[in-house]
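Me: Got a structure I'd like to go through with you. Can I paste it here?
Reply: Sure, go ahead.

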Amino acid sequence: MLLRSFCLYFHVKDLLLSPIYTFSRRISISPSSNLKTLCSNGQLNEALLQMAILGSEMKFEGYDTILNQCVSQRAIREGQRVHAHMIKTCYLPPVYLRTRLIVLYNKCDCLGDAREVFDEMPLRNVVSWTAMISAYSQRGFASQALNLFVAMLRSGTEPNEFTFATILTSCIGSLGFQIGRQIHSIVIKRNYESHMFVGSSLLDMYAKSGRVHEAHGVFQSLPERDVVVCTAIISGYAQMGLDVEALKLFRQLQSEGMHSNYVTYASVLTALSGLAALNHGKQVHNHVLRSGQSLNVVLLNSLIDMYSKCGNVCYARRIFDHMSERTCISWNAMLVGYSKHGMGGEVLELFKLMREENKVKPDSITYLAVLSGCSHGQLEHKGLEIFYNMADGKDGIEPDIEHYGCVVDLLGRVGRIEEAFDFIRKMPYVPTAAIWGSLLGSCRVHSNVDIGIIVGQKLLEIEPENAGNYVILSNLHASAGKWEDMRNIRDLMQEKAVIKEPGRSWVELDQIVHTFHASDHTHPRREEVARKVKELAIKFKEEGYVPNLSCVLYDVDEEQKEKVLLGHSEKLAMAFWLIAAPEGATIRVIKNLRVCVDCHSFAKFVSKLYARTIILRDKNRFHNIVGGICSCGDYW
DNA sequence: TTAGGGTTAG
C-alpha cells in the first residue's frame with residue numbers, strides 16, 4: 001500500500017479504455033511515418049497513434065524505440081499507454097523491455113509500479129535486479145534496496161560493478177556502516193575492489209560514516225583515480241570536519257595534475273567555510289573564474305555560504321543578487337548567513353522577498369533559518385508568529401523538533417523562562433539534550449536558579465559526558481548558596497571523568513592560519529603572546545574588567561582560575577593579532593567552541609580601548625564587536 | 001538496459 005502511494009498517476013490497466021486510445025484508431029497516419037522517425041523528432045503523441053494503428057503488429061524494436069523516448073522525456077502517461085498496449089495485445093515483453101519499464105517508472109516517481117513490473121518478471125538478469133535496487137536506493141528506501149540485494153544473491157544472480165556501486169550508496173550513515181563493511185568484503189571476494197565506480201562508492205560510504213582511515217585506505221588502494229574519486233575524498237574530509245586535510249589534499253592533487261570540476265570546487269569551499277579562511281576562499285573564487293568553469297547554481301550556493309561563514313555577508317549578498325537562477329538552497333544559505341550574523345531584520349526582509357517572488361517554495365530548513373534568525377536578532381514576537389503559522393500557512397510545513405528548539409531559544413533569550421519550560425513540557429516531541437541545554441543557558445543568563453537546577457539535573461541524566469552542564473549547574477547551586485550541592489556536582493564531574501573538547505582559536509594573517517590552543521605551548525611566538533595577554537588584562541582591569549572566574553571548569557583557587565582564563569585560546573589569538581597585524585586592522589577570530597563569557601567581555605574591552613572591530617565566529621554564530629558593544633546583545 | 005563525488009540546517 002505504501003509503495004502504491006508513490007504512483008502519481010492512474011494505473012496502466014485504466015488506460016485500456018482511455019478515450020485517446022479509442023479515438024486514435026480513427027486517425028489516418030501517413031504511411032511514410034514510422035515510429036523511429038516520430039520518436040527521433042520528439043513526436044511522442046504521434047508515435048502513440050502509430051502504435052495504436054499497428055496493434056498486435058508492434059514488435060520489440062517498436063516498443064524499444066517508443067519506451068526509450070518515454071524514458072528520456074520522463075513521459076509517464078505515454079509510458080503507461082505503451083505498457084497498457086503490451087497487456088492488451090498479449091505481448092510478452094523480454095527482460096530488456098521489462099527493465100526499461102522499471103527504469104521509466106522509477107524516473108517518474110512510480111516506485112510501486114516499478115516493483116509490480118519487477119515482481120511479474122518470469123526471468124530476471126543482473127541488470128533488472130540492479131535497476132530495481134537502484135530505484136529503491138535513489139528514492140531513499142535503503143532497507144528495501146538491501147533486502148533486494150540479499151534476495152539477488154540468494155537467487156544465484158551474480159552482482160556486477162553497477163550493482164555494487166548502487167548498493168553501497170544505500171549503506172551511508174551509522175546504521176548502514178556495518179552492512180557497508182560486509183558488502184566491502186563481498187566486493188573483495190568478487191574482485192571488484194579496484195573498479196573506480198565501486199571504489200568511489202566505497203570511499204564515500206566510509207567517509208559519510210565518519211570512518212576516515214577506511215576511506216583513506218580505499219582511496220590509496222585504487223589503481224586509477226578520476227575527478228569523482230578525488231572529489232569524493234576531499235568532500236569526505238570536509239564533511240568530517242577535517243578541513244585542513246581536505247585543503248592539503250586538494251592542493252596536492254592539483255599539483256599532481258588533477259582536473260577539478262564544479263563539485264570539486266564546491267567541496268573545497270565547504271572546507272574553507274569550516275576554517276573561515278576568507279583569503280583562501282577568495283583565491284579559490286578567483287581560480288574558478290580564471291579556469292573558465294561555469295558558475296552554476298551549486299557553485300554559487302557554495303560561494304554564498306563560504307563568504308557569509310568567513311564573515312563577509314555583504315559579498316555573499318552580492319553573489320545572491322546576481323544569480324540568474326536560485327534554488328531553495330540559495331535562499332537558505334543567504335538566510336543562514338544573516339541569521340549567524342544576528343541580522344534578524346535582513347532575515348525577515350529576505351524571507352518576505354522569497355514569498356513575493358514565489359518561484360521557490362520555502363522548506364523546513366528555510367523555517368529553521370528564519371526562526372533562528374529571529375532568535376539571534378532578538379525578534380521573539382515575529383519568530384513566534386512565524387512558528388505558529390508554519391503548519392497552517394501556505395507552505396504547510398509541520399514543525400519538527402528543531403523548530404520547537406528554536407522557540408525554546410526565542411523564549412529563553414528574552415527571559416521568558418517559565419513559558420519556555422512549559423513549552424518544552426507540552427511539545428509533541430521528547431526533548432533532546434540540545435533543547436534542555438538551550439534552556440539551561442537561558443537560566444544562567446537570566447539567573448533563574450530554580451528552573452535551572454531542575455533542567456540541569458535532567459541534562460546530567462541524558463548527557464552525562466558534557467562538562468559544560470556540570471559547570472553551569474554547579475554555578476547555579478553556588479549562586480543559590482547551596483554549597484553542599486555545588487560540591488556534589490563537582491565531585492560527580494570528577495567521577496564521570498568528563499572530557500571537554502579542547503578549545504582552539506585561529507586567525508588568518510598574510511595567508512597563514514595561526515592556530516592557538518588553550519594555554520598554548522605550540523605557537524612560535526607563544527611567550528610574546530602570553531606576555532601581551534597579561535599586559536592587556538592589567539590595562540583592562542583599570543577600566544573595569546573583572547575576570548569571570550565561574551567560567552573555569554577546574555576546582556582550583558582564584559589565582560589559578562585567573563591564570564586559566566588568561567590562557568583561553570581566543571584571548572591568545574586576539575593578543576597575537578595586536579602584536580603581529582597592521583595597526584587598526586579588523587580582528588577576525590574563529591573559535592571551534594562557543595565563546596566563554598569572560599573572553600566575550602575581554603574582546604569588548606579590546607574593541608573599545610584599541611578602537612578595533614572584532615569579528616569573532618564561534619561554534620554557533622558571529623559576534624561583531626565595535627566600541628565595546630556586541631551584535632549578539634550579550635546573549636549567545 | 002543497471003553505477004560513483006556536490007551546495008543550505010543540525
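Me: Start with the DNA. What does Ser 235 in chain A do at strand B, in distance terms?
Reply: This is a predicted model. In it, a polar side-chain atom of Ser 235 lies 3.4 Å from a phosphate oxygen of DNA strand B.

Me: And base nitrogens: how far is the side chain of Ser 200 from one?
Reply: A polar side-chain atom of Ser 200 is 2.6 Å from a base nitrogen of DNA strand B. Asn 261 also has a side-chain N or O atom 2.6 Å from a base nitrogen of the strand.

Me: Which elements give two or more residues to that surface?
Reply: Helices do, including helix 6 (95–107), helix 12 (196–208), helix 14 (227–239) and helix 20 (328–340).

Me: Which residues come nearest to the strand?
Reply: Of the 47 around DNA strand B, these: Ser 200, Asn 261, Val 298, Asn 301 and Asn 332.

Me: How does that surface divide by residue type?
Reply: There are 17 nonpolar, 21 polar and 9 charged residues.

Me: On the DNA side, what share of the atoms within 4 Å of the protein is sugar or phosphate?
Reply: 47%. The rest belong to bases.

Me: Now Ser 330. Where is it found?
Reply: In helix 20.

Me: Why does Ser 330 count as buried?
Reply: Because its relative accessibility is 0%, and the cut-off for buried is under 20%.

Me: What does the Ser 330 side chain make a polar contact with?
Reply: The side chain of Asn 301, at 2.7 Å. Asn 301 is also among the residues that come nearest to DNA strand B. Beyond four places in sequence, Ser 330 is in contact with Val 297, Asn 301, Ile 304, Phe 320 and Met 323.

Me: Switching to the whole chain. How many helices and strands?
Reply: Chain A has 33 helices and 6 strands. Its C-alpha trace spans about 100 × 55 × 50 Å along the principal axes.

Me: What percentage of chain A is buried?
Reply: 51% of the 636 residues.

Me: And the largest nonpolar core: how many residues?
Reply: It has 153. Ile 66, Val 82, Met 132, Ile 183 and Leu 439 have the most contacts inside it.

Me: What does Met 132 touch?
Reply: Leaving out residues up to four places away, it touches Ile 102, Leu 111, Ala 114, Arg 115, Phe 118 and Leu 148.

Me: Which residues are in the other core?
Reply: That one lies apart and has 37 residues, among them Val 507, Val 529, Leu 549 and Ile 625.

Conventions: Residues are numbered from 1 along each chain as its sequence is written. Chains are lettered from A and ligands numbered from 1 in the order in which they are written. This is a predicted model: local features need pLDDT of at least 70, side-chain atom pairs count only at pLDDT 80 or more; totals for chains, interfaces and linings use all residues. Side-chain values use heavy atoms; hydrogens and water are left out. A residue is near a molecule or strand if one of its heavy atoms lies within 4 Å of it. A polar contact is a pair of N or O atoms within 3.5 Å; within protein, one must be able to donate a hydrogen and the other to accept it, and residues adjacent in sequence count only if both atoms are side-chain atoms. Helices (H or I, at least four residues) and strands (E, at least two) are DSSP runs, numbered from the N terminus. Ala, Val, Leu, Ile, Met, Phe, Trp, Tyr, Cys and Pro count as nonpolar, Asp, Glu, Lys and Arg as charged, and the others, Gly among them, as polar. Buried means under 20% relative accessible area, exposed over 50%, partly exposed in between (1.4 Å probe, protein chains only). A nonpolar core is a set of buried Ala, Val, Leu, Ile, Met, Phe, Trp, Tyr and Cys residues joined through side-chain atoms within 4.5 Å. Contact means heavy atoms within 4.5 Å.
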